[in-house]
Each structure stands twice: as structure tokens, then as C-alpha cells.
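Me: Please take a close look at a single part of this structure and explain it step by step, in connected prose. I am in my first year, so I would like each step to follow from the one before.

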Amino acid sequence: MADHNPLGVMPSMADDLARVEAELGDAVRSGDEYLTEISSHLIAAGGKRVRPGFCIASAATALTVDAPASAAAVTGGVAVELVHLGSLYHDDVMDEATMRRTVESVNARWGNLKAILAGDFLLARASELAAGLGVEVAGLLAATIGRLCEGQVLELRHAYDRGRTEESYLRSIDGKTASLLASSCRIGGIVADLPRDHTDALTEFGRSYGMAFQVVDDVLDLVATAATLGKPAGHDMEEGVYTLPVIHTLASGRGDELATLLAGSADGVGLDPDARDKAIEIVRDGDGIDVTIAAARAYADIGRAALGRLPDSPGVTGLSAAADYLLDNVEAAAA
Ligand code: GRG
């Protein structure tokens, strides 16, 4: 778990997440010990478990007093975490990452071919669990895996594209990040048998939270220190992923200067450290960061408004605490 889990305001959450951990271990056990070892690697390395927490908290919006999560809410949480994990395995192959969750990445340790297959195995196990929760959950999870791929392909299509639009950026993060958070909440609502408008509000909360979450992450990549990030600031720009602050700066008075620096990089070539630091300085000097933080606040407000449509419950208390925590991160990024 993270050092601080805002969903911990729900008294049963710690026990619920311990059940998630046990089920995650069971879910990735294969008849082949070697595959089990590779598939368990990132589970053992930790992670915040935001998605299972959201699934369980969403199901708990059906409660009036705190109670342990249902078996279906825990299984739903395991399924969404397995999809998240599968996407991390594949993402690290694409990025040639060496580290993930503070440990050696799967591709670095076992090579790309095994990392891809183990990622597929995680998706297969997620699908099997989702099928046990019914046709609606199985269909939703399958559609969400498709949305992750669409978001990622759109990002790749615009790698090193200095003309990348804000619309294309937002569509990409909606697919690659927000869709799974939205589905985590929706699955919680479905397994708790909540009315459609209630489940729709939870889905809207998850999507808005996911958009704000990714936008904040993208700001941090430009403003945080290398020590906090565990990699040099400006890593996204080096990889040709131009996020909202960069897109805004490219359209500003210093846009040509930034575009010239970025033109020195192309797929496989990369920005040299001096050019990267200069590019970061130009982005930080302009209003791109402020505009992006305002966007994160706006998404967080949409999420809060969606929760405001729901009656009080332990789940709403937990999700509201998560939204507050994210907004604190927004303010810290703005400081
Ligand atoms: C095979 C499902 C599948 C997808 C293929 C690779 C890919 C397409 C999509 C990548 C999606 C991706 C990695 C999006 C970034 C999501 C994100 C915000 C990751 C970090 O999430 P945290 O902070 O991480 O919740 P922890 O480690 O705490 O779980």
C-alpha cells in the first residue's frame, strides 16, 4: 500500500484490501511455476491498489453503515487490478523500462517475449474472473481493455508530434487511464446491484478522477525533482510524449523556441540533457503548468459533483476522501 491511503477512512477497507491481495496471489497461480513467478513479480512489488479500492468503495455506496465488502466486490477489484498490471507489463516493454514499482521491471528481468506473454496471462485471468461476475461485467472489462489499447495507440501515433492537439491528448488519457478507473467504479456499482443513475454517477466520478490523476501525473513529470520521480524530470518530453503543459507552451509566444529544441529529438534519437533542461525551463516559465492545473481542478470538481448526486454512505465518504487527497496533490504540484 501507499504511505497514505485516503480510502482508509473506511473502517473495513484495510481488511477488504488484504482479501484482494490474497485473491490476486491465487489468480496468477499457473500450472507452470515459471509463469507464476513472472506473473506475480509486480504484485509482490506493491502498488497503491487504487482500482480495487475504488471498486470496493463504489460497492459500499449501497451501504448505510460500514461492513466488509461482498465477495463479488473483492473479485471485481482483483479483476481490474489484473488488467492494470497487464497494461503495466506491456507498457514497460514499449518504453524499454528498467524499473517499475521500485523493482526491476519484468521485461528487464525476463525479456520482452516473456513480459508480453505474462501480461497476456494477467488479462486472461482478469477476463475469467469478470466472467464469473456476469455478462455485463465481462463485457465492460473487455471493452475497457480495448479502450486502454486505443488510448495508448493514439499516444504512440502522436509521439514526437509538435502539432499534437489538446483534444488528442485528452482522448488519449481518457482511454489509457480514465477508462479503467471509470470501469473500476462501475463494476462496484454493478455487483452491488445499484440503480442505473447511481452507477452512472460512480462511473462519472471514476472517469473524472482518472483524468485529473493523469493530468497531475503529467504536471509532476515537469515540476518534480529527479529524486522524487526516480527519473529525470521531463522524461515524457524525452520520450516524445507531449502532455498538456507542453502542448500549451508550443501554442504560446515561446512556442517556436520550444519547437526548435524538440525538433532535435525524433523517435529513437532523444533529447540531450541540456536541451531537455532548457525545454523544461521554457515550459515552467510560461502559463502551461497553471492552465493544466486548472484543468485538473475542473475534472476533480466534476467528480465531486457526481458524488454529490449520491446519498451519504461509507463508500461516498471514502471516494470523497480520495478526491480531496488528489486535490491536495494538485495544490502541491501548483506550489
Ligand atoms: C494490454 C490492457 C493492455 C493494454 C495495452 C500498454 C497499454 C495498452 C496501455 C498502457 C496504459 C498505461 C500504462 C496507462 C498509465 C496508467 C497509470 C496512471 C499508471 C500508474 O498507475 P498507478 O499510479 O500505479 O495507480 P500503481 O503502481 O500504484 O498501481
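Reply: Let us begin with Arg-101, which counts as buried because its relative accessibility is 17%, and the cut-off for that word is under 20%. The model we are looking at is a predicted one. Arg-101 is placed in the loop that joins strand E1 to strand E2, the latter covering residues 103-104. Its backbone deserves attention as well, since the phi angle of Arg-101 is positive, about 50°, although the residue is not a glycine. As a general background, most residues other than glycine have a negative phi.

The part to examine closely is the surroundings of the ligand, and Arg-101 leads us there. An N or O atom in the side chain of Arg-101 is 2.7 Å from an oxygen atom of the ligand. Taken by itself the ligand would expose 750 Å², and 89% of that area is buried by the protein. The shell that surrounds the ligand consists of 19 residues, and the closest are Lys-48, Arg-51, His-84, His-90 and Arg-101. For Lys-48, a polar atom of the side chain lies 2.6 Å from a ligand oxygen, while for His-84 the distance between a side-chain N or O atom and a ligand oxygen is 2.8 Å. In character, the shell is divided into seven nonpolar residues, seven polar ones and five charged ones.

Which helices each supply at least two residues of this shell? They are H4 (71-95), H7 (135-157), H8 and H9 (196-223). The one that gives the most is H4, with six residues.

As H4 gives the most to the shell, we can next consider a residue that belongs to it. Asp-92 has its place in H4, and it is buried, with a relative accessible area of 3%. If we leave aside the neighbours within four places in sequence, Asp-92 is in contact with Ala-97, Arg-100, Ser-105 and Asn-107. In the loop between H4 and strand E1 (99-100) we find Glu-96, and this residue, unlike a buried one, is exposed, because its relative accessible area of 66% is over the 50% that the word requires. Glu-96 has a positive phi too, of about 55°, and it is not a glycine either.

Arg-51, which was listed among the closest residues to the ligand, takes us on to helix H3. This helix covers residues 50-59 and is mostly covered itself, for ten of its ten residues are buried. Among them are Val-50, Arg-51, Phe-54, Cys-55, Ile-56 and Ser-58. The buried residues of H3 pack against H1 (13-27), H4, H8, H9 and H16 (314-334), and that list includes H4, H8 and H9, which also supply residues to the shell around the ligand.

Two of these packing partners can be followed down to single residues. In H1 lies Asp-16, which is buried at 3% relative accessible area. Apart from its neighbours within four places in sequence, Asp-16 is in contact with Ile-56, Pro-68, Ala-69 and Val-74, and Ile-56 is one of the buried residues of H3. In H8, which spans residues 166-191, we find Gly-189, and it counts as buried because its relative accessibility is 0%. When neighbours within four places in sequence are set aside, Gly-189 is in contact with Ser-58, Leu-194, Thr-199 and Leu-202, and Ser-58 is again a buried residue of H3.

What about Cys-55, another residue of H3? The structure holds zero disulfides. Cys-55 is in none, and the nearest cysteine sulfur, which belongs to Cys-185, is 8.1 Å away; the pair therefore does not qualify, since a disulfide needs the two sulfur atoms within 2.5 Å. Cys-55 is buried, with a relative accessible area of 0%, whereas Cys-149 is partly exposed, at 46%.

To gather the picture around the ligand, Lys-48, Arg-51, His-84, His-90 and Arg-101 are the closest of the surrounding residues, H4 gives the most to the shell, and H3, with its buried residues, packs against H4 and other helices.

Note on methods. Residues numbered from 1 in each chain as written. Predicted model: local features only at pLDDT ≥ 70, side-chain atom pairs only at ≥ 80, totals over all residues. Heavy atoms only, no water. Buried < 20%, exposed > 50% of the residue type's maximum accessible area, 1.4 Å probe, protein only. Helix = DSSP H or I, 4+ residues; strand = E, 2+ residues; numbered from the N terminus. Contact = heavy atoms within 4.5 Å. Near = heavy atom within 4 Å. Polar contact = N/O pair within 3.5 Å; in protein donor to acceptor, adjacent residues only side chain to side chain. Areas by Shrake-Rupley, 256 points an atom, 1.4 Å probe, with all protein chains shown as cover. Nonpolar A, V, L, I, M, F, W, Y, C, P; charged D, E, K, R; others polar.
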